[in-house]
Amino acid sequence: MTKKIVILGAGSAGTMVANRLARQLGDEIKKREVEVTLISNTEKHIYQPGYLFIAFNEKPSEHFIRKQEALVHRHVNLVYDDVEKIDVEKKMVKGKKQYQYDYLVVATGSHPDLDSVPGLREGAHNFYTLDGAERLRDDLAAMEKGKILITIDVPHKCPAAPLELALMLDDYYRKNGRRKDIEIKYSYPIGRIHSLVPVAEWALPQFEKRDIKYETFFNLEEVDPKRKVAITMDGSEHHYDMLITIPAHTGAKAVLDSGIGDESGFIPTNRTTLKMIDQDDVYVIGDATNLPISKAGSTAHYQSESLVANIISRLTGRPETAVYNGKVACFLENSLEDASMITFDYNNPPQPAETSDLLHWFKAVYNELYWLNAKGIL
Amino acid sequence: MSEVQVTKSIDARGAYCPGPLMELVKGIKTAQVGDVVEVLSTDKGSAVDIPEWVNKMGHEIAYLENEGDEFKIAVKKAK
Ligand SMILES: Cc1cc2nc3c(=O)[nH]c(=O)nc-3n(C[C@H](O)[C@H](O)[C@H](O)COP(=O)(O)OP(=O)(O)OC[C@H]3O[C@@H](n4cnc5c(N)ncnc54)[C@H](O)[C@@H]3O)c2cc1C
């Protein structure tokens with residue numbers, strides 16, 4: 001009997017897992033002992049970290065988009081479908097068609113919810129969607145003066161991105177000579193400018209030196225787009241000319257509708273085995289988990305290493321011994337020209353590397369290498 | 001602590017980013033007034049961070065305990 005592995009969602013995590021499995025299980029797939037099916041609800045694969053560079057018009061959108069087909073190994077059975085139901089009892093997922101599985105990998109990601117705060121959808125810009133990044137690009141270029149307010153809600157993916165946005169905005173307007181007429185105000189929900197103390201300490205002197213204003217304990221509750229004010233939990237009003245938001249995220253609609261996630265649609269997951277809690281045949285990877293670690297592409301990358309090893313062990317009758325240790329790596333752009341980076345795991349806290357042009361260059365190189373990563377080669 | 005009824009418990013042990021406090025903020029947002037959200041943390045900063053945010057937002061600390069390197073902090077949503 002063919003063992004059926006179904007991977008739901010073909011973003012960073014799902015594509016990596018499918019391709020890694022296909023590369024390592026070539027013989028078994030050819031002999032039809034194993035089948036790897038990847039279900040995608042979109043034909044385009046977008047490299048989301050590119051949104052930041054689209055917003056600053058550093059690269060055109062197409063630079064960060066590939067056809068899903070071009071990324072997927074020939075041994076993967078790629079199907080396009082929008083799954084509505086995940087049924088772990090019947091071991092199947094259902095969209096236009098039904099897919100029975102022996103092992104399921106849920107990789108449906110996390111999604112910014114512009115309806116999480118009243119008025120946000122009408123009032124705010126964002127750079128967490130392709131449309132949002134393109135509109136932001138045009139409006140940033142057109143902005144001559146005024147106040148840009150950045151608001152951040154939890155949970156959200158790529159915890160470094162809002163900080164990078166503020167630092168890059170400063171450099172962008174310095175370079176075009178408008179910085180003196182544009183106020184940049186960054187806000188953060190807790191008592192410092194980033195959840196990680198070492199990262200907050202890395203960025204704070206830059207904020208002070210470069211006159212980037214900030215407010216902490218800033219918890220957005222409502223936006224009034226007509227008056228251009230953001231209203232916080234304590235009732236105070238904050239004027240803006242342009243509001244850039246990182247809204248709270250939810251898990252995928254299919255997860256919410258199937259009732260297998262928490263109230264925000266994130267799936268309870270074992271932190272080292274990446275199995276869904278109480279389900280031996282369901283693995284969860286990337287942003288779709290409820291793990292209290294960064295929702296980042298690098299997280300998905302490191303997770304795919306142990307998850308794929310365990311699935312292969314299982315198929316070949318060996319014990320599943322690979323352990324995910326919580327590893328994450330993030331670049332921290334300090335301007336349009338230099339950057340720092342951090343790596344950390346469950347046991348080792350992050351410490352930002354010294355900021356340099358070399359690290360910025362390294363991020364630019366990774367942006368190109370990503371496609372090899374998605375193909376399961378890197 | 002037996003007298004406090006915990007509505008939801010968040011295991012943020014070993015979490016650096018987004019961190020225990022950010023997990024709590026998320027937990028409190030989706031909780032109802034009166035609910036108690038408990039966070040388990042191995043980050044000693046949590047013992048300072050969490051009460052600070054809780055006081056600022058007008059919620060209440062139900063208890064704060066530690067055993068070795070592990071903290072258990074429960075917050076009652078007040079509004
Ligand atoms: C602006 C920005 C900057 C970022 N910068 C970085 C960075 O510098 N470094 C870093 O590591 N990470 C970064 N990230 C985060 C990174 O992009 C995500 O964490 C990563 O994409 C997560 O991978 P994933 O596969 O879990 O989710 P995704 O890549 O989002 O993929 C989920 C996929 O599932 C599909 N799907 C959902 N529901 C269904 C369904 N019902 N049926 C079929 N398919 C479905 C979606 O269409 C999507 O293709 C950034 C993100 C943003 C927005």
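In this predicted model, G297(A) has a relative accessibility of 40% and therefore counts as partly exposed, and the residue belongs to helix α10 of chain A, which covers residues 297–315. Although G297(A) and C330(A) stand 33 residues apart along the chain, their C-alpha atoms are separated by 9.1 Å.

C330(A) leads on to the question of cysteine pairing. Why does C330(A) not form a bond with the closest cysteine sulfur? The sulfur in question is that of C158(A), and at 5.8 Å it is too far from the sulfur of C330(A) for a bond, since a disulfide requires the two sulfur atoms to lie within 2.5 Å. The relation also holds when it is read from the other side, because the cysteine sulfur closest to that of C158(A) is the one in C330(A), at the 5.8 Å that rules out a bond. Over all chains, the structure holds 0 disulfides. As for their surroundings, C330(A) has a relative accessibility of 7% and so counts as buried, whereas C158(A), at 28%, counts as partly exposed.

The loop between β11 (146–152) and α7 of chain A contains P155(A), and the peptide bond that joins V154(A) to P155(A) is cis, with an omega of about -5°. D153(A) can be related to another part of the chain, for its C-alpha atom is 9.2 Å from that of S116(A), although the two residues are 37 apart in sequence. S116(A) itself is found in the loop between β10 (110–112) and α5 (120–123) of chain A, where its relative accessibility of 31% makes it partly exposed.

Helix α7 of chain A, residues 161–175, can be considered together with helix α8 of chain A, residues 197–209, since their axes come within 11 Å and cross at roughly 20°. Because an angle under 35 degrees counts as roughly parallel, α7(A) and α8(A) are described as roughly parallel to each other, and the crossing in which α7(A) passes α8(A) is left-handed.

Two residues that are not glycines deserve a look for their backbone angles. N57(A), which is not a glycine, has a positive phi of about 55°, and its place is in the loop between α3 (50–55) and β4 (65–67) of chain A. L274(A), also not a glycine, has a positive phi of about 60° and lies in the loop between α9 (253–258) and β19 (282–284) of chain A. Is each of these residues buried or exposed? N57(A) is exposed, because its relative accessible area is 53%, while L274(A), with a relative accessible area of 0%, is buried.

The last stop is helix α11 of chain A, whose 18 residues run from 357 to 374 and should span 26 Å at 1.5 Å a residue, which agrees with the 26 Å between its end C-alpha atoms. The helix nevertheless has a kink of about 45°, centred on E368(A). Which residues of α11(A) are buried? They are L359(A), H360(A), K363(A), N367(A), Y370(A), W371(A), N373(A) and A374(A). Just after α11(A), the backbone of G376(A) takes a positive phi of about 85°.

Technical notes: Residues are numbered from 1 along each chain as its sequence is written. Chains are lettered from A and ligands numbered from 1 in the order in which they are written. This is a predicted model: local features need pLDDT of at least 70, side-chain atom pairs count only at pLDDT 80 or more; totals for chains, interfaces and linings use all residues. Side-chain values use heavy atoms; hydrogens and water are left out. Buried means under 20% relative accessible area, exposed over 50%, partly exposed in between (1.4 Å probe, protein chains only). Helices (H or I, at least four residues) and strands (E, at least two) are DSSP runs, numbered from the N terminus. The expected span of a helix is 1.5 Å times one less than its number of residues. The bend at a residue is the angle between axes fitted to the seven residues ending there and the seven starting there. Axes are lines fitted to C-alpha atoms, for helices over the stretch in contact, and angles run from 0 to 180 degrees between N-to-C directions. Angles under 35 degrees count as roughly parallel, over 145 as roughly antiparallel, 65 to 115 as roughly perpendicular and the rest as oblique. A crossing is left-handed if the near helix is turned anticlockwise from the far one by less than a right angle, and right-handed if clockwise.
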